[in-house]
Structures are given as structure tokens and as C-alpha cells.
Amino acid sequence: MVTKEMVSSLTIIEVARVSPSNPDSSEPVALPLTFFDLFWYKLHPVELVIFYTLTDATRPFFDSVIVPNLKTSLSSSLSHYLPLAGKLVWEQLDTKPSIVYTPNDAVSFTVAESNADFSRLTGNEPYPTAELHPLVPELHVSDDSASAVSFQITLFPNQGFCIGINAHHAVLDGKTTTMFLKSWAHACKNQDSSLPEDLIPNYDRTVIKSPTDLDTEILNAWHSAAKTFTGGKEPENPKSLKLLRSPEIGPDVVRYTLNLTREDIQKLREQLKRESSVSSSPKELRLSTFVIVYSYVLTCMIKARGGDPNRPVGYGFAVDCRSLMVPPVPSSYFGNCVSASFKMPLKAETFMSEEGFLAAASMVSDLVEALDESTAWKIPEILGAFATLPPGAQVLSVADSTRFGVYGLDFGWGRPEKMVVVSIDQGEAISLAESRDGNGGVEVGFSLKKHEMAVLIDLLHNGLKD
């Protein structure tokens, strides 16, 4: 199907459907959601855009080489990841939703061309967040069903192209998403439909165990949360798969990436050691890269917002529970194995003082130290806490991870120029990724209102000066 619909600076060339080649099964495949999946089933999908610089990317080369290679390799990769071609459904007689794949199912694959400024979108200066939205494909979600994932390939003539991914969070977490993308890149670059052992997904749902009926507890927590959003009214359709309404993103919201070098992180580590040694209650801190970077960033974000020092704030981060479970869940497990660790509500003044960075590092360090299998059992409690947040609370969170290795995603035209987590604009979230140069640094992505971003950028950079 070829259309010439203009969206912003985007021309849609084609909206195709790509089905798995030689699927392992000619029978329907059903995967019930686990309690980990149910944690995310109402939340906004994960939206990523991965940019590749390629000056050879003319329209003829794009049409005859890039798109066909990406389609063919996507088809062969999906044969190992059949649930991604399926959909999420909640049958009336079932107690919870399932991912169902039936033969002839396919993923949506949009091909487009953009005249947007590629160097701006891949650069480090702030630009309007709205410029990223045309590069992310739609994900079909209705009361009755939801697609697992959709893809979009967009050409920037003679500059490069990008791959946009829209993934339903109830179907896959960051680890599984990255595993699939690595499988696709492997198939595309090597023209090889067989996968290395570490990229073959494990679909065994019996590895996810819980001490109580967490499925019911989490669905009840979501039901209670839904009532708070509707002023106490019972939801019309308790089995609706529609997601929570997303906030409108205004034209004044901008995107910015901070590149922290290994030297920057070491400087912040030394600062925390000094401050801790002379504080009134010195203690040994777990000064991992994550603790240092997240503590620094959340302190700067709370200071940038300013306002009443007594205003409520909170923070949290997603926790991959694969290695925390007893016995551990295989790293190749397909689906969600992610809980969260949160601390709220606190007061902004804790972070706005001179000792704010140390206070943040102490708290984040304690949260990380306390992680164990019980982190997984706290999902109903976390959902309940979110439903009762004070109005206007600033709650910061983290998307993605420096451990995913996204800058190794080479489809045959080199490593990515930039990876952007578009979906952080749905809340007070930041994104983390390893630095592109592989030298131990960290990329931090932000999406904030323009005036607040200007203050934040000054704070971030001033705090790194000698």
C-alpha cells in the first residue's frame, strides 16, 4: 500500500505488514501474562528511535537495499520471536490477558522519508521534543486487543536513516527489546537467519514464581487506580486493554542529551567521598556509576524546578529482577522481569541544599543495597503508592540502562549515531545509555519545558567544573 500522506516534515512511502518467515509453529501460540507483565499493561509503550549516519543513503539505495534488507531480516528474526507478531488479548473467560500469535499474524512496518534536520536530531543541543514524534510508528491499542510492537524506517536523504520502535510494555521489557533488536541486527548484517545461543528467547513462564497470588493483587491495584482516575467511578469495561491517557506534549518541551565522560563520573565519585567523610554521619556509600549519575541528575532536576522547598518529590528506578530471583531467571527469558524501587514522598529541600547531592547518593545507594527477591513482590504496593501521590509531586524515574549495549546495534551500515528514548516525555523520566565511544561514559536523555531545561543544563555543567 503506497500513500503520499504528509505528516509534519514526513512523507509516508509505504505501510507494510511483515510476517515471520518459516515460523517454528503452524499452530497458535499463547503466552499468559505474568505478574511482572501485569505491572506494565496499562502504561505507555516504550518508544525508541535509533539513528544511523549514512551519506550513501540516497532514495534509490534506501528503496533497493536498506528497506528490503531490513524487511527480510525482520521477517526471519520474527520466526524466533513469534509473540511479537501477535497481539495482546483478554478473553472474557480468562482471569488475565495473554499474548496470542496465530499463523498469518504480522507486525506493522512503516517506510517514510523526512526532511527534518538529521544533525540536529543526533546532536547535543536542545531541540523540540515534538520533532521526534513523526519518527515513531503508531501502535494499535483498543479495548479488545493491542499490537505487541510496530516499526518505522525513515530516510533522511544523503544523511542517514533511523529505526523507530513502538513496543507494548506488557509484552517485553528493555532487556527483551534489546535482545530482539540484536537478533534483527545480526540477521540483517550477516544475512543469516540462525541466531547465536544468547539471542534465542526462553518462553518458559514457569520460571516466574511468586509466594502469593500477585496476579490478582496487581489487577486489583490497577482497578483501584483506574477508579481514582475516574473520580471513584467503576470502569465501564474492567477488561479493557486501553492504556492510561498520555499527557499532551506542548511545543515548549525540548529534548537534551548530557554526555558524561568516565572522568566526569570519577570526579563526582571523589566529590561524594570527600563530602561523606566530613559529614555529620559518614557512611560507606555504594558509589557505582548508576548511583553517582542518577543521584547527580535527580539533584539537578529538583533544583532546576525550584519552587517551594516543602513541595513533595520522589524518585525511583526500574529493577531487572532476573538475577535477584531464587533461582535466577535465565537472561534470555522473553517478557518482563522488571519491578521498581521507589522512595516517596520526600521534600524538595532535602535535595536543594548544599548537601543535596550527598543526600541523594546516600538514599539511592541504600535502595540499591537493599535490592533482593522481595523487590519483585512489592509491585502492588508501588501501584498503590502511585495512585495516592500528592497532586503536583515531582517523581523522577529512569528508562533504559547502560547495560543494554544499544550502540552495538549494527545492521550492516555501522553503529548507531544516536539512540533516543522518545517515551521519557510522558513523565518526569530520564534515559540512560552507555556512551557511544565505549569508554565508560554515560549518555543521559532529558525532556523538559524549555525554560526549565535551560536552568537544568547550567546546573549540570556547572556542577562538573573544577
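At the start of helix α4, a side-chain oxygen of Asp 173 comes to within 3.3 Å of the backbone nitrogen of Lys 175. This is a predicted model, so take what follows as a tour of computed geometry. Helix α4 gets the most room here, followed by a helix pair, a buried aspartate and some backbone oddities.

**Helix α4, end to end**

- Does the length of α4 add up, and what span should its 17 residues (174-190) have? At 1.5 Å a residue the helix should span 24 Å, and its end C-alpha atoms are indeed 24 Å apart, so the two values agree.
- Plenty of α4 is tucked away: the buried residues are Thr 176, Thr 177, Thr 178, Met 179, Phe 180, Leu 181, Ser 183, Trp 184, Ala 185, Ala 187 and Cys 188.
- As a reminder, an α-helix has 3.6 residues a turn, so residues three or four places apart point the same way.
- Which elements cover those buried residues of α4? The cover includes four strands, β4 (46-53), β7 (107-114), β10 (149-156) and β11 (160-167), along with helix α2 (59-78).
- Just past the end of α4 comes Gln 191, with a positive phi of about 50°.

**Where α6 meets α7**

- Two packed helices are described by the angle between their axes and the distance between the axes.
- For α6 (residues 262-277) and α7 (residues 289-305), the axes come within 10 Å and cross at roughly 85°.
- Angles of 65 to 115 degrees count as roughly perpendicular, and α6 and α7 therefore fall into that class.
- On the α6 side, the contact is made by Ile 265, Leu 268, Arg 269 and Leu 272; on the α7 side, Thr 289, Ile 292, Val 293 and Tyr 296 do the job.
- Sorted by character, the residues of this contact come out as six nonpolar, one polar and one charged.

**Asp 37, a buried acid**

- Asp 37 sits in helix α1 (residues 35-40).
- Is Asp 37 buried or exposed? Its relative accessibility is 0%, so Asp 37 counts as buried.
- What does the side chain of Asp 37 pair with? One polar contact goes to the side chain of Arg 205, at 3.3 Å, and another goes to the side chain of Asn 336, at 3.0 Å.
- Leaving aside residues up to four places away in sequence, Asp 37 touches Pro 32, Ala 170, Arg 205, Gly 335 and Asn 336.

**Positive phi without glycine**

- Asn 104 is not a glycine, yet has a positive phi of about 85°.
- Asn 104 belongs to the loop between β6 (98-101) and β7, and with a relative accessible area of 76% the residue is exposed.
- Gln 191, met above at the end of α4, is another non-glycine with a positive phi.
- The loop that holds Gln 191 runs between α4 and α5 (214-229), and Gln 191 is exposed too, with a relative accessible area of 60%.

**Cis peptide bonds**

- Val 326 and Pro 327 are joined by a cis peptide bond, with omega about -5°.
- Where is Pro 327? Look in the loop between β13 (312-320) and β14 (338-347).
- Another cis bond runs from Met 344 to Pro 345, where omega is near -10°.
- Pro 345 has its place in strand β14.

How values were computed
Residues numbered from 1 in each chain as written. Predicted model: local features only at pLDDT ≥ 70, side-chain atom pairs only at ≥ 80, totals over all residues. Heavy atoms only, no water. Helix = DSSP H or I, 4+ residues; strand = E, 2+ residues; numbered from the N terminus. Expected span 1.5 Å × (residues − 1). Buried < 20%, exposed > 50% of the residue type's maximum accessible area, 1.4 Å probe, protein only. Contact = heavy atoms within 4.5 Å. Polar contact = N/O pair within 3.5 Å; in protein donor to acceptor, adjacent residues only side chain to side chain. Axes fitted to C-alpha atoms, helices over the stretch in contact; angles between N-to-C directions. Parallel < 35°, antiparallel > 145°, perpendicular 65-115°, else oblique. Nonpolar A, V, L, I, M, F, W, Y, C, P; charged D, E, K, R; others polar.
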